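Here's a quick briefing to read with the model open beside you. Take it topic by topic and click along as you go.

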Amino acid sequence: MLKYKIIIAGAKDVGKSSLIARLCDNIFKEDMKATIGVDFKRKSITVKGPHKDISLDLNIWDFAGEEKYRTLFPAYANGASAAFILFDTTNKESLDDIDNWVRIIDGNAHSNIVKQIIATKIDLKSVREVSKKDATEFCQKYDWFTEITSTSSKTGENVEEAFLFVVKKIIKRNLQICKTCGDVFNKKLKNCQYCGAKVEIEVSPI
Ligand SMILES: Nc1nc2c(ncn2[C@@H]2O[C@H](COP(=O)(O)OP(=O)(O)OP(=O)(O)O)[C@@H](O)[C@H]2O)c(=O)[nH]1
Ligand SMILES: [Mg+2]
C-alpha cells in the first residue's frame, strides 16, 4: 500500500477534527472537543484510473488550532505530501489566518507538497461572513492556488470529494505507471520497482 502523510491546518474551531471525523467515521458532533496538541487518523482511499484502481493509505494529522500549540506545527509539517488549509465561512478572521498557516507550511514542508484551501461550515448560511468570491480573491495571491472546496462536515457535503481531489493531485505529482506491467510506483525511480522495466517516458496513472 502506498502511504502518504496529510496535514490539516487552520485556526481554532474552523472544523478540522470534524472534517476528519466525517471522512473517517462518517459522524458529526455538535460538541466536538478542541484538539489538544495533535491527533492522528488513518484512511484508505481508492481512485479509479483509466488503467487500474489506485489505493492510497492516508495518515491524517490533525492539529490544534489554538495559538499555544502552534510551535508543534513545523515539526509535523515535515514529510507531508498534502496540506488542507481550512477557514470557517462563518468567521472572517479565520480566512486572514490562512496567511500564517501557508507561511509555516512553506517554511517547513517539502516544496512538492499539495496545498488545498477548504471552506468549512457551508450549511450555516444565515451566519455566513465570507463568500466564495471574497475567499477566492483573498487566495489568488498564492501562486499554487487553483480553487476552494466548500464543505460541510455536518451534512457531509463535499467532504469525500475534497479528499479525492487532493489524492488525485498527490498521485499526479508523485506516481507514475509502468508501461510494461501496469503497476504504479514513485516518479523518482528510473526502473519499475515491480518488474524492473526501465522508465523511458513517465506515464501518469490517472
Ligand atoms: N454547523 C456546522 N458546524 C460545524 C461544522 N464543522 C465543525 N462544526 C462545529 O464547529 C466546532 C469546532 O469544530 P472542530 O472540528 O472541533 O474544530 P477544530 O478546527 O478541530 O478546532 P481545534 O481542535 O480547537 O483547533 C464544533 O462545535 C463543531 O460541531 C460544519 O460543517 N457545520
Ligand atoms: Mg480539532
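What follows covers the sheet, the helices, the ligand site and a few single residues.

This is a predicted model, so treat it as one. At its heart for this briefing is an open sheet of six strands with mixed pairing, in the order S2-S3-S1-S4-S5-S6. Helix H1 (residues 16-25) is mostly covered, and H1 also gives the most residues to the shell around ligand 1.

**The sheet, strand by strand**

- Start at the edges: these are S2 and strand S6 (149-150), and each of them pairs on one side only.
- Strand S2 (residues 38-48) runs antiparallel to S3, and the two pair over 11 bridges.
- Getting from S2 to S3 takes a hairpin of four residues.
- To find your place in that pair, look for Lys-43, whose bridge partner in S3 is Leu-58.
- On to the parallel part: strand S1 (residues 2-10) and strand S3 (residues 53-63) are joined by seven bridges.
- Two landmarks help with S1 and S3: Leu-2 stands opposite Leu-56, and Lys-3 stands opposite Asp-57.
- S1 also runs parallel to strand S4 (residues 82-88), this time with five bridges.
- In that pairing, Ile-7 has Ala-83 of S4 standing opposite.
- S4 in turn is parallel to S5, with seven bridges between them.
- Ala-82 is a handy marker here, as its bridge partner in S5 is Val-114.

**Helices on the sheet**

- Helix H4 (residues 98-108) lies across S1, S4 and S5, and it runs at about 165° to S4.
- H6 packs on the sheet too, touching S1, S2, S3, S4, S5 and S6.
- The direction of H6 makes about 75° with that of S2.

**H1 and its surroundings**

- How many of the 10 residues of H1 are buried? Seven of them are.
- The buried ones are Lys-16, Ser-17, Ser-18, Leu-19, Ile-20, Arg-22 and Leu-23.
- The cover over these buried residues includes strands S1, S2, S3 and S4, along with strand S5 (114-120) and helix H6 (159-174).
- H1 and H6 pack at an angle of about 90°, and their axes are 9 Å apart.
- That angle is why H1 counts as roughly perpendicular to H6.
- Where the two helices touch, Leu-19, Arg-22 and Leu-23 of H1 meet Val-159, Glu-160 and Phe-163 of H6.
- Sorted by class, that contact between H1 and H6 has four nonpolar and two charged residues, and no polar ones.
- Just after H1 comes Asn-26, with a positive phi near 55°.

**Around ligand 1**

- Which residues come nearest to ligand 1? Out of the 23 around it, they are Gly-15, Ser-17, Ser-18, Thr-35 and Gly-65.
- H1 supplies three residues to this shell.
- Ser-17 and Ser-18 are worth a second look, since they turn up among the nearest residues to the ligand and also among the buried residues of H1.
- By class, the shell holds nine charged, nine polar and five nonpolar residues.

**Positive phi in the loops**

- As background, a negative phi is what most residues other than glycine have.
- Asp-13 is not a glycine, yet its phi is positive at about 70°.
- You'll find Asp-13 in the loop between S1 and H1.
- Asp-13 counts as partly exposed because it has 18 C-beta neighbours inside 10 Å.
- Lys-121, again not a glycine, has a positive phi of about 60°.
- Its place is the loop between S5 and helix H5 (132-139).
- Is Lys-121 buried or exposed? Lys-121 counts as buried, because 24 C-beta neighbours lie inside 10 Å.

**A closer look at Lys-3**

- Lys-3 lies in strand S1.
- Lys-3 counts as exposed because it has 11 C-beta neighbours inside 10 Å.
- Setting aside its neighbours within four places in sequence, Lys-3 is in contact with Asp-57 and Asn-59.
- Asp-57 is also the residue that stands opposite Lys-3 in S3.
- Lys-3 and Ser-55 are 52 residues apart along the chain, and their C-alpha atoms are separated by 9.2 Å.

Notes
Residues are numbered from 1 along each chain as its sequence is written. Chains are lettered from A and ligands numbered from 1 in the order in which they are written. This is a predicted model: local features need pLDDT of at least 70, side-chain atom pairs count only at pLDDT 80 or more; totals for chains, interfaces and linings use all residues. Two strands pair if DSSP finds at least two bridges between them. A residue is near a molecule or strand if its C-beta atom, placed from the backbone, lies within 6 Å of it. Ala, Val, Leu, Ile, Met, Phe, Trp, Tyr, Cys and Pro count as nonpolar, Asp, Glu, Lys and Arg as charged, and the others, Gly among them, as polar. A residue is buried if 20 or more other C-beta atoms lie within 10 Å of its own, exposed if 12 or fewer, and partly exposed in between; C-beta atoms are placed from the backbone. Two residues are in contact if their C-beta atoms, placed from the backbone, lie within 7 Å. Axes are lines fitted to C-alpha atoms, for helices over the stretch in contact, and angles run from 0 to 180 degrees between N-to-C directions. Angles under 35 degrees count as roughly parallel, over 145 as roughly antiparallel, 65 to 115 as roughly perpendicular and the rest as oblique.
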